[in-house]
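Trainee: Hey, can we go through this one together? I'd like to get a feel for the metal sites.
Mentor: Sure, let's pull it up.
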Amino acid sequence: MKITSMPLPEGPLSGDGALIIYVFSEESLPSAKLSPEAASSAERLLNEPSFKAKKGKISKALLPGTGFSRLWLAGLGDRKSFDGEVLRSVSAAVLRSAKAEGVSRLSALLPLNPDFSLSVAAAEGAELGGYSFDKYKTKKEEDALPSPEEFILYGGDEKGLSLGKTLASAQAYARDLANEPGNRSNPLTLSETALQLTTAGLQVEVWDEKKILEEGMEGLYSVGKGSATPPRLVHILWKPEGEENKKIAFVGKGITFDSGGLNIKPGDFMRSMKADKTGACNVLAILRAAAELKLPLEVRGVIALAENMPGSRSFRPDDILRMKNGKTVEIDNTDAEGRLVLADALSFASEFSPDVIIDMATLTGACAVALGNNIAGLFTPDDTLAEKLADSGKESGERLWRLPHDDERIFESMKSPVADLVNAGSRYGGAIFAARFLKEFVGEGPAWAHLDIAGVDFNKEERSVYSKGASAFGVRTCIRYLLSLAAR
Ligand code: BES
Ligand code: MN
Ligand code: ZN
């Protein structure tokens, strides 16, 4: 979709398609900007008892005689509680409506000046609200209708709109990858997708299962062993011109399907485990955006790809693995596979001595139980990094909540009688256990943060900027974090 701005004209607005007027509760309309017909329609819509400019409500009328075919009022709720996230989610709702009704051109007027950051939010909402994953539907409900092609923001900031579109497109790219089911997406196809990013100016290297084993990554190798499709390690690098750039590494969990392995999941819990690769898909999207934005930072992505399946070649409970950094791990539960593939990827990423390592993973059901479906878990020993990531999350409307990773009692429970560590323990504190486990595989130098996105990676229902399915939560937050580093 094209997202542009248009200067606000002196007199009444005219155009075609839908005119969208965003309005705060208990406030009047910009009547001077409307033709007499439009003004009286708008007044009637505003006073509909069910509308009242409540947040996310859209009130609609046909609008003959003004050029625009329709007039929509989009409620923003109270001015007092307004922020970028309100604008983002209301814009997403507007786009969802436009898609359902076949409106191809939208002209939007805000009740305040759309500065840079509001323009970013409006563009993000518009782009993400228009997203759906319907490539496998042979009969699309909207087939007969035109799809939204242009979103115009009166007085919008061009740079802000363009950044918003870039951020949202990155998230949509990750969603498209994560939404692919296990019969169409596996470690091989995803590593092919990664290789295609070389055309975007990135360096990409793929290790096959032989190389993975040679390099001592028995964690990644073993998790992938039970599948007919072997594991892959993908290493991507964005290296800008010039030396002396800050080095940031992203590490992603890429389990293309998590059946649980021999500790097989019950059916209800296996559903939506195609999205267990979201961390890896997010990392691909972040690297792609780093190249697109030509960030003055050295950004590295390491993704560990495997399919966790039961079979005669599967790794087993009681197995003892020797990990890349030399530590040994006894397997308690083959369903605690994410920490094993991440452990090797984290050790590998640490070898490049980055300033910061951020890993992203749909790691534990326990994190989803603790924080629900709207807030991701953030674990880090570094207070500055915690604050910066949480701030970037706030700007993106993606909430992160810091949880402890350093509980020594949990660490004691991780010691195995026969190996250095055991991969799973009590259900209590399961997200902390997993984070503490990962820490054993991060080198000494880098500041490290772990994002547990298990509760937020997949939506059963539409809401805010999310459509049904993979959310790619975390993509925009991480790109904003990179932008904040680049700005200094
Ligand atoms: N991929 C799952 C975690 C998950 C659960 C993601 C729900 C998204 C939604 C992970 O590999 C897993 O199975 N974790 C186990 C660990 C346990 C066996 C220690 C869990 O959380 O139950
Ligand atoms: Mn699992
Ligand atoms: Zn998993």
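Trainee: Are Asp-258 and Glu-337 buried or exposed?
Mentor: Asp-258 is buried, and Glu-337 is too; buried means under 20% relative accessible area, exposed over 50%, partly exposed in between, with a 1.4 Å probe and protein chains only. For Asp-258 the relative accessible area is 3%.
Trainee: Anything I should know about the model itself?
Mentor: It's a predicted model, where local features need pLDDT of at least 70, side-chain atom pairs count only at pLDDT 80 or more, and totals for chains, interfaces and linings use all residues. Residues are numbered from 1 along each chain as its sequence is written, chains are lettered from A and ligands numbered from 1 in the order in which they are written, and side-chain values use heavy atoms, leaving out hydrogens and water.
Trainee: OK, which residues are the protein donors of the zinc ion (ligand 3)?
Mentor: Lys-253 (NZ), Asp-258 (OD), Asp-276 (OD) and Glu-337 (OE), lying 2.0 to 2.4 Å from the zinc ion (ligand 3). Donors are N, O and S atoms within 2.8 Å of the metal (3.2 Å for Na, K and Ca); water is not among the atoms, so sites may look incomplete.
Trainee: And the manganese ion (ligand 2), what are its protein donors?
Mentor: Asp-258 (OD), Asp-335 (O), Asp-335 (OD) and Glu-337 (OE), at 2.1 to 2.2 Å.
Trainee: Which residue bridges the two metals?
Mentor: Asp-258 does, and the manganese ion (ligand 2) and the zinc ion (ligand 3) lie 3.2 Å apart.
Trainee: How are the manganese donors spaced in sequence?
Mentor: The spacing is D-x76-D-x1-E.
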